[in-house]
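Colleague: I've just opened this one and don't know where to start. Walk me through it, please, and keep it simple.

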Amino acid sequence: MDAVSTPIYILAIESSCDETAAAIVRDGEELVSSVVASQIATHQPYGGVVPELASREHLRNIIPVVRGALEQSGRTLADVDALAVTRGPGLAGALLVGVSFAKAMAYAVDKPLIAVNHLEGHIHAVLLEQRQNGNHDLRFPVLALVVSGGHTHLYLAEQGFDAERPEAWRYRNVGHTRDDAAGEAFDKVAKLLGLGYPGGPIIDRLARHGNSRAVPFTISQMKHRDRNDRGKPTPAGPQFDFSYSGIKTAVLRHVELNNLFSQIEERRQALLDIAKPTTEDYLRVCDQPTVDLIASFQRAVVTDVVQKTLAAAEEYGARTLLVTGGVAANSALREAFENQAPKRGVDVHFPSRVMSTDNAAMIAAAAYPKFIAREFAPLDLSAEANLPLK
Ligand code: KG4
Ligand code: ZN
């Protein structure tokens with residue numbers, strides 16, 4: 001096919017949650033430009049993402065962000081081969097901003113539009129960076145763990161199953177969270193302890209200073225099929241499901257039993273006065289038992305994520321594990337996977353920290369095989385808040 005002999009530049013837009021992002025990637029393997037406008041400051045006072053505010057901020061940011069990605073790349077829209085956009089899953093109103101904008105732009109400049117699943121984007125964040133670093137050999141079967149604020153999902157990722165479209169990827173879900181995602185648990189526990197939003201990075205930094213064995217937390221183990229899956233066909237193989245709402249309640253119970261509420265309120269107030277708290281600032285407002293509690297919480301979640309993922313890798317004979325999504329930035333999680341996966345003969349790859357959290361480069365990278373396979377979206381494409389990955 002002609003298209004593959006010349007470099008293909010894809011401009012992608014991502015607006016599924018609280019980052020407005022645009023990026024240009026060449027051939028799914030070279031990051032040309034990437035701009036991310038974070039809305040953390042907007043949502044911080046509320047301790048979590050407020051969907052209406054997210055949509056409003058996306059509307060405000062989308063034009064400067066797309067313009068920024070084009071300027072950074074030194075290209076114009078005319079030099080771009082296709083546009084890509086996150087179709088879902090995510091916040092309906094937030095997705096709608098990106099999808100409407102991308103459709104209008106594709107129509108105006110007469111370029112094909114490619115719809116990408118956000119979770120597929122997270123998986124391709126790792127693949128993009130692997131290829132950029134010269135690693136083109138991926139040992140299959142590949143198991144991908146997408147662990148973020150909205151997901152704790154395991155997928156078997158396959159390529160080359162269709163001779164007509166050898167570049168195409170497909171995915172089979174072999175595990176998901178029954179309730180809260182791992183990142184959500186980090187965020188909710190941080191909020192409960194008066195630490196602010198988003199909680200993951202704060203807990204990550206504080207946990208290094210605590211005794212992770214101080215509080216013995218246990219994580220619920222799923223023995224039965226997910227009730228929400230009733231009526232759906234029985235999965236082909238075993239499922240490795242997660243559940244993190246119980247540990248959030250256990251932390252709350254610990255707070256109640258130890259009467260920590262006034263201390264937490266003091267901490268919250270003290271942190272409100274600091275524009276950008278450093279690790280030292282956080283440590284100053286947390287006594288040692290609190291830091292130990294944080295470390296124990298993190299250890300429980302990380303141990304559970306790692307154990308279940310490695311059990312799934314073993315069950316499905318995975319030779320490569322891709323760990324991606326915001327929580328993949330967690331130091332303890334990375335260390336545990338890096339220590340344990342190679343011992344089981346599994347290669348493990350992560351995205352860099354900036355590519356772990358939401359960005360548009362991952363969307364452009366996931367769009368590239370679809371471009372080669374000519375999988376273009378119709379111009380009546382709609383956003384889908386619950387879009388499954390297949
Ligand atoms: O992928 P992402 O940017 O957005 C979603 O698609 O959800 O992930 C954001 C999530 C938040 O829950 C945040 O607290 C978590 O990733 N996160 C972390 C770390 N950095 C971000 N969790 C644990 N440790 C971190 N270092
Ligand atoms: Zn994400």
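Modeller: One term first: helices (H or I, at least four residues) and strands (E, at least two) are DSSP runs, numbered from the N terminus. This is a predicted model, where local features need pLDDT of at least 70 and side-chain atom pairs pLDDT 80 or more, while totals for chains, interfaces and linings use all residues. Residues count from 1 along each chain as written, chains are lettered from A and ligands numbered from 1 in written order, and side-chain values use heavy atoms, without hydrogens and water.

Colleague: Okay, let me pick a residue. Where is the place of Met355?

Modeller: Met355 sits in helix H13.

Colleague: Is Met355 buried or exposed?

Modeller: Met355 counts as buried because its relative accessibility is 6%. Buried means under 20% relative accessible area, exposed over 50%, and partly exposed in between (1.4 Å probe, protein chains only).

Colleague: Which residues is Met355 in contact with?

Modeller: If you skip neighbours within four places in sequence, Met355 has contacts with Ala125, Leu128, Glu129, Ala361 and Met362. Contact here is heavy atoms within 4.5 Å. For a distant partner, take Ala250: from Met355 it is 105 residues away in sequence and 32 Å away in space, C-alpha to C-alpha.

Colleague: Zooming out, how many helices and strands are there in the chain?

Modeller: The chain has 14 helices and 10 strands. Its C-alpha trace spans about 65 × 45 × 40 Å along the principal axes. Of the 390 residues in the chain, 52% are buried. Take the contacts between residues at least 6 apart in sequence, and 75% of them join residues at least 24 apart.

Colleague: Let's do the ligand. Which residues around ligand 1 come nearest?

Modeller: There are 19 residues around ligand 1, and the nearest are Gly149, Asp187, Gly200, Asp204 and Asn330. A residue counts if one of its heavy atoms lies within 4 Å.

Colleague: And what lies 2.8 Å from an oxygen atom of ligand 1?

Modeller: That is a backbone N or O atom of Gly149. His122 uses a polar side-chain atom, 3.2 Å from a ligand 1 oxygen. Asp358 comes in with a polar backbone atom, 3.1 Å from an oxygen of ligand 1. A polar contact is a pair of N or O atoms within 3.5 Å; within protein, one must be able to donate a hydrogen and the other to accept it, and residues adjacent in sequence count only if both atoms are side-chain atoms.

Colleague: Which elements give two or more residues to the shell around ligand 1?

Modeller: Those are helix H5 (118-132), helix H6 (182-192) and helix H7 (199-207). H7 gives the largest share, four residues.

Colleague: Asn330 came up a moment ago. What does a side-chain oxygen of Asn330 reach at the start of H12?

Modeller: At that end of H12, the Asn330 oxygen gets to within 3.0 Å of the backbone nitrogen of Ala332. Helix H12 covers residues 331-340, and its buried residues are Ser331, Leu333, Arg334, Ala336 and Phe337. Their cover includes S6, H7, helix H11 (288-315) and strand S9 (320-324).

Colleague: Got it. What about Ser73, where does that lie?

Modeller: Ser73 is in helix H3, residues 51-73. Ser73 is buried, because its relative accessible area is 15%. Its side chain reaches the backbone nitrogen of Arg75 at 3.0 Å. Ser73 also touches Ile24, Val32 and Ser33, leaving out residues up to four places away in sequence.

Colleague: Anything odd in the backbone?

Modeller: Some background: most residues other than glycine have a negative phi, and most peptide bonds are trans. Here, the bond from Gly88 to Pro89 is cis, with omega near -10 degrees. Pro89 is in the loop between strand S4 (82-88) and helix H4 (92-109). The bond from Phe140 to Pro141 is cis too, with omega near -5 degrees, and Pro141 lies in the loop between H5 and strand S6 (142-147).

Colleague: And what is the phi of Asn259 near?

Modeller: The phi of Asn259 is near 55 degrees, so positive in a residue other than glycine, and Asn259, at 63% relative accessibility, counts as exposed. Asn259 is in the loop between helix H8 (245-257) and helix H9 (261-272). Arg374 has a positive phi as well, about 60 degrees, and is not a glycine. You'll find Arg374 in the segment after helix H14 (361-372), and it counts as partly exposed because its relative accessibility is 43%.
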